[in-house]
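Dear colleague,

I am handing over the structure below, together with an account of what was found in it. Please read the notes with the structure open beside them.

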Amino acid sequence: MEQSTHLPHTPRVVRLERIQDETPSIRSFWFSDTSLHDAKPGQFAMVWVPGVDEVPMSVLAIHGKSEAGVVIKKGGPVSVALWEKKVGDRFWVRGPYGRPFHVGHHQKLLIVGGGTGLVPLISLLVHLRGREITLITGARTASELLFKDWLTRESREQHFELIFATDDGTYGDKNQVPKVVEHTLQRQKFDAIYTCGPEPMMKTVYDLAVEKRCHIQVSLERVFKCGVGICAACVIGPYLACRDGPVFTDAELSGMPEFGQTRRDLSGKKVSLSQGH
Ligand SMILES: Cc1cc2nc3c(=O)[nH]c(=O)nc-3n(C[C@H](O)[C@H](O)[C@H](O)COP(=O)(O)OP(=O)(O)OC[C@H]3O[C@@H](n4cnc5c(N)ncnc54)[C@H](O)[C@@H]3O)c2cc1C
């Protein structure tokens with residue numbers, strides 16, 4: 001199908017070309033879409049499964065000239081509907097949307113990811129090739145470490161420091177990611193930190209960054225309905241996370257008391273972050 005790179009709001013049907021099991025609960029889905037292929041690290045797509053719902057997903061575009069991917073953790077209705085799809089099946093996408101990570105001229109960088117939060121950080125890592133990078137990522141156990149083999153290969157070829165952490169010690173450092181970040185910040189100084197993952201993890205990393213006076217950017221996950229700053233389902237402080245984020249700077253986060261504390265559920269009600277949608 002011929003696709004324009006200039007009409008991100010027009011939903012486009014895409015056909016699955018490749019599906020890959022990444023961990024027992026995370027699968028990647030690859031298709032051709034030039035607009036999403038050109039997404040900047042940290043931008044997202046709205047992914048629609050007709051009859052189910054539409055949700056935001058980070059975009060991964062590291063191969064080929066038009067290939068894009070979404071990496072999905074199996075959970076509720078939309079992710080399960082996508083997991084049931086086979087090569088050749090179709091779904092709909094629009095985007096890319098949102099404000100990406102701002103890269104600037106910083107040279108020594110710390111990247112911290114957890115779960116599918118690693119997805120936009122992989123795009124960022126590829127974008128930042130050549131800089132001095134340390135990447136920390138973790139999971140409960142070895143089999144749940146996302147992109148373990150790809151990251152190991154890439155760290156050897158691109159010469160960056162890679163630290164895996166598992167809660168049960170089955171691979172890498174037997175620690176939770178924030179502890180590993182704390183230890184790393186004790187022995188090294190960074191120009192900037194980029195993080196995406198569970199919000200309690202990001203809040204601890206943010207607090208450590210503030211303590212060390214290190215610039216940090218955080219990608220926030222909220223309920224996005226329109227994805228383009230109209231419906232306000234994702235309001236957080238003075239911002240709309242889909243339009244002004246999902247990536248926010250330390251200066252913006254400091255004026256956002258909700259960060260690490262509350263989110264809005266599907267009805268717009270504020271709930272504690274430990275509760276669901
Ligand atoms: C910027 C951004 C990037 C994301 N990237 C990824 C990614 O790379 N991989 C991944 O697996 N998940 C990602 N998510 C989370 C994803 O949007 C869904 O929350 C997740 O797939 C769970 O949906 P579900 O239907 O499987 O289950 P549940 O969590 O049980 O959700 C139940 C229902 O709530 C609604 N809903 C849930 N989450 C959202 C949401 N964020 N916005 C609007 N409606 C929602 C849908 O109707 C959904 O079916 C991202 C979210 C954001 C905001």
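A residue is called buried when its relative accessible area is under 20%, exposed when that area is over 50%, and partly exposed in between. Q217 has a relative accessibility of 2%, and therefore it counts as buried. Please keep in mind throughout that this is a predicted model.

Q217 has its place in strand β12, and its side chain takes part in two contacts that I would look at together. A polar atom of that side chain lies 2.8 Å from the backbone nitrogen of H102, and the side chain of Q217 also makes a polar contact with the side chain of H215, at 3.2 Å.

S58, in strand β4, can be set beside this residue, since S58 has a relative accessible area of 24% and is thus partly exposed. Its C-alpha atom is separated by 9.1 Å from the C-alpha atom of P96, a residue 38 positions away along the chain.

The next topic is the aromatic rings. A search of the whole structure finds 8 aromatic pairs. One of them joins F44 and F224, whose ring centres are 4.9 Å apart and whose planes stand at 55°, so that the pair is tilted. Because F44 lies in strand β3 (residues 44–49) and F224 in the loop between β12 (215–219) and β13 (235–236), this pair ties together parts that are 180 residues apart in sequence. Both F44 and F224 are buried.

Another aromatic pair is formed by W48 and W92, and it is tilted as well, with 5.6 Å from centre to centre and 50° between the planes. This pair, too, links distant parts of the chain, as W48 belongs to strand β3 and W92 to strand β6 (residues 90–97), 44 residues apart. W48 counts as partly exposed at 34% relative accessibility, and W92 likewise counts as partly exposed, at 30%.

F44 and F224 also appear in a cluster, for together with Y97 they form one aromatic cluster. Charged side chains are found over rings elsewhere: K108 lies over the face of F190, at 4.6 Å from the ring centre, and K148 lies over the face of Y171, again at 4.6 Å from the ring centre.

Finally, there is the ligand. It is surrounded by 21 residues, of which D53, P56, V71, V78 and S79 are the closest. The residues of this shell divide into 10 nonpolar, 6 polar and 5 charged. Strands β4 (53–58) and β5 (67–73) and helix α2 (77–83) each supply at least two residues of the shell, and β4 gives the most, with 5 residues.

Which atoms of K73, S79 and F224 come into play at the ligand? For K73, a backbone N or O atom lies 2.9 Å from an oxygen atom of the ligand, whereas for S79 a polar side-chain atom lies 2.4 Å from an oxygen atom of the ligand. For F224, a polar backbone atom is 3.0 Å from a nitrogen atom of the ligand. Taken alone, the ligand exposes 840 Å², and the protein buries 86% of that area. F224 is therefore a residue to view twice, once for its tilted pairing with F44 and once for its backbone contact with the ligand.

With best regards

How values were computed:
Residues are numbered from 1 along each chain as its sequence is written. This is a predicted model: local features need pLDDT of at least 70, side-chain atom pairs count only at pLDDT 80 or more; totals for chains, interfaces and linings use all residues. Side-chain values use heavy atoms; hydrogens and water are left out. Rings of Phe, Tyr and Trp (its six-membered ring) pair if their centres lie within 6.5 Å; planes under 30 degrees apart count as stacked, over 60 as edge-to-face and the rest as tilted. Helices (H or I, at least four residues) and strands (E, at least two) are DSSP runs, numbered from the N terminus. Buried means under 20% relative accessible area, exposed over 50%, partly exposed in between (1.4 Å probe, protein chains only). A charge sits over a ring if NZ of Lys or CZ of Arg is within 6 Å of the ring centre and within 35 degrees of the ring normal. A residue is near a molecule or strand if one of its heavy atoms lies within 4 Å of it. A polar contact is a pair of N or O atoms within 3.5 Å; within protein, one must be able to donate a hydrogen and the other to accept it, and residues adjacent in sequence count only if both atoms are side-chain atoms. Accessible areas come from the Shrake-Rupley method with a 1.4 Å probe; for residues, only the protein chains shown count as cover. Ala, Val, Leu, Ile, Met, Phe, Trp, Tyr, Cys and Pro count as nonpolar, Asp, Glu, Lys and Arg as charged, and the others, Gly among them, as polar.
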